[in-house]
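Please open the structure in your viewer and set side chains to be shown as sticks. The tour below proceeds by selection, from charged pairs to the ligand.

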Amino acid sequence: MIRFAFPSPPPDPRAEAFRAEVRTFLTRELAQRPPIARAQSWNGLDPAFSRKLGQLGWLGLTWPKRYGGHERSALERYVLLEELLAAGAPVSAHWIAERQSGPSLLRYGTEAQKSAILPRIAAGECFFCIGMSEADSGSDLASVRTRATRVEGGWRINGAKLWTTNAQHCHYMILLCRTGPVDPERRHEGLTQFLVDLPTPGVTIRPIRNLAGEHHFNEVVFEDAWLPDDAILGREGDGWNQVTGELAYERSGPERFLSSFALLVELVRMLSAASDDRAQIAVGRLGAQLVTLRRMSRSVAGMLQAGADPALEASVVKDLGALVEQEIPEIARDLLADGPPTEASRKFAEVLAYTALQAPSFSLRGGTREILRGIIARGLGLR
Ligand SMILES: Cc1cc2nc3c(=O)[nH]c(=O)nc-3n(C[C@H](O)[C@H](O)[C@H](O)COP(=O)(O)OP(=O)(O)OC[C@H]3O[C@@H](n4cnc5c(N)ncnc54)[C@H](O)[C@@H]3O)c2cc1C
């Protein structure tokens, strides 16, 4: 029996009008952005660009106006995201805050937390990082060992988070901690999320360089860091439910199949000069896969908007999306690696090399392939 489906969200005529507006802005704003910078996709960091989006009213698009949002539809937001990514806009500074931290705050935050922070995210002035993974606690997130201990007026935190993207640029981390006893029978209990105002005494951010030599992620060490009582996000002990809700936002967006899109654009540009049947078939196949993924991902956006819990569907989008994203550099190399050296082929090779170095991480970040397939198998009743 099929246990999941990807219904089309109801059409929204305003979304296509908005697309034209976004394209006009991006064509003007990114006219000088070279292909290699576009290839950075949602790793490209430019706080001034994020502020500009905030000033245009394009962050927190679906949030209530009283928290700085604009009460527009999930489809309008979807159109904005895919246009930003397809153009290779530098969106990394605000991406996590707008995608998942803001929605978590809206759902679980106190009135004081919401009114203090959400308008700043919507203005493109407040950035967030994700404090989930630790050494030995990535896939098995319930095994986190960073501990929050109750003390007078607040909590004392000890432990270390790993692979924390952009912590060095962020104003807040949403931190997953163990607050209750470790019970092997009930591993998902006793976890709590906290809002950590960065920088704060007792918290050290140490850089980690990735395969390409870039500094995107970090180790964040907590040594007797003190957090006030009102730093708890949501309910004490409810961290597991909150984190799994957050992951549906993290796994289903268009960034989960457009990470290699700049390379595809360059590939098509190169092939347009002299294309053969093999190249046309390969590019046609990729196009068909991306169109299908886009429909599925838009469907998940509709489910999230409707308040459903599409954890299974989001896992399918991320798993299939990562396969296509990782296939694009392979196909590009296969079709064009041996061309004669020209100015155009040099630029193409630069984008290919960059994307090929990033590609292994596509099926790790946000949940590995094996973990996603485990979720899908469970959703299908196979385990
Ligand atoms: C670019 C990038 C950015 C990241 N940013 C962040 C961030 O901002 N914040 C954050 O908290 N984390 C971040 N992460 C961490 C990411 O979430 C973890 O790398 C991921 O969850 C895997 O955890 P791990 O690295 O500990 O690998 P492990 O969990 O040790 O897994 C190693 C391998 O074993 C496999 N495996 C593990 N358990 C099972 C199982 N039960 N069954 C079958 N196979 C299994 C995995 O699939 C994987 O192939 C980032 C990672 C990357 C690559």
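**Stop 1: K52 and E29**

Select K52, which counts as partly exposed because its relative accessibility is 33%. The model on display is a predicted one. Now add E29 to the selection; E29 is likewise partly exposed, at 28% relative accessibility. The two side chains meet in a salt bridge, with a distance of 2.5 Å from N to O. K52 belongs to helix α3 (residues 47-56) and E29 to helix α1, so this pair ties together parts that are 23 residues apart in sequence.

**Stop 2: E83 and R19**

Next, select E83 and R19. Are these two residues buried or exposed? Both E83 and R19 are buried. They form a salt bridge in which the closest N and O atoms are 2.6 Å apart. This pair links distant parts of the chain: E83 sits in helix α4 (residues 74-86) and R19 in helix α1 (residues 13-29), with their positions 64 residues apart.

Extend the selection to E16, R23, E82 and R294. Together with R19 and E83, these residues are linked in a network of salt bridges.

**Stop 3: D334 and R278**

Move to D334 and R278, whose side chains meet in a salt bridge at 3.0 Å, N to O. D334 lies in helix α10 (residues 311-336) and R278 in helix α9 (residues 277-305); the pair therefore ties together parts that are 56 residues apart in sequence. Colour R278 by accessibility: with a relative accessible area of 46%, R278 is partly exposed.

For the wider picture, the structure holds 26 salt bridges. In general, side chains of opposite charge can pair when their charged atoms come close.

**Stop 4: the ligand**

Centre the view on the ligand and display the residues around it. Which of the 16 residues around the ligand come nearest? They are S133, S139, W163, T368 and E370. By class, the shell comprises six nonpolar, eight polar and two charged residues.

Three contacts merit individual selection:

- S139: a polar side-chain atom of this residue lies 2.6 Å from an oxygen atom of the ligand.
- W163: here a backbone N or O atom is placed 2.9 Å from a nitrogen atom of the ligand.
- T165: an N or O atom in the side chain is 2.7 Å from a nitrogen atom of the ligand.

Finally, show the surface of the ligand. On its own the ligand has 970 Å² of accessible area, of which the protein covers 62%.

Note on methods
Residues numbered from 1 in each chain as written. Predicted model: local features only at pLDDT ≥ 70, side-chain atom pairs only at ≥ 80, totals over all residues. Heavy atoms only, no water. Salt bridge = Lys/Arg side-chain N within 4 Å of Asp/Glu carboxyl O. Helix = DSSP H or I, 4+ residues; strand = E, 2+ residues; numbered from the N terminus. Buried < 20%, exposed > 50% of the residue type's maximum accessible area, 1.4 Å probe, protein only. Near = heavy atom within 4 Å. Polar contact = N/O pair within 3.5 Å; in protein donor to acceptor, adjacent residues only side chain to side chain. Areas by Shrake-Rupley, 256 points an atom, 1.4 Å probe, with all protein chains shown as cover. Nonpolar A, V, L, I, M, F, W, Y, C, P; charged D, E, K, R; others polar.
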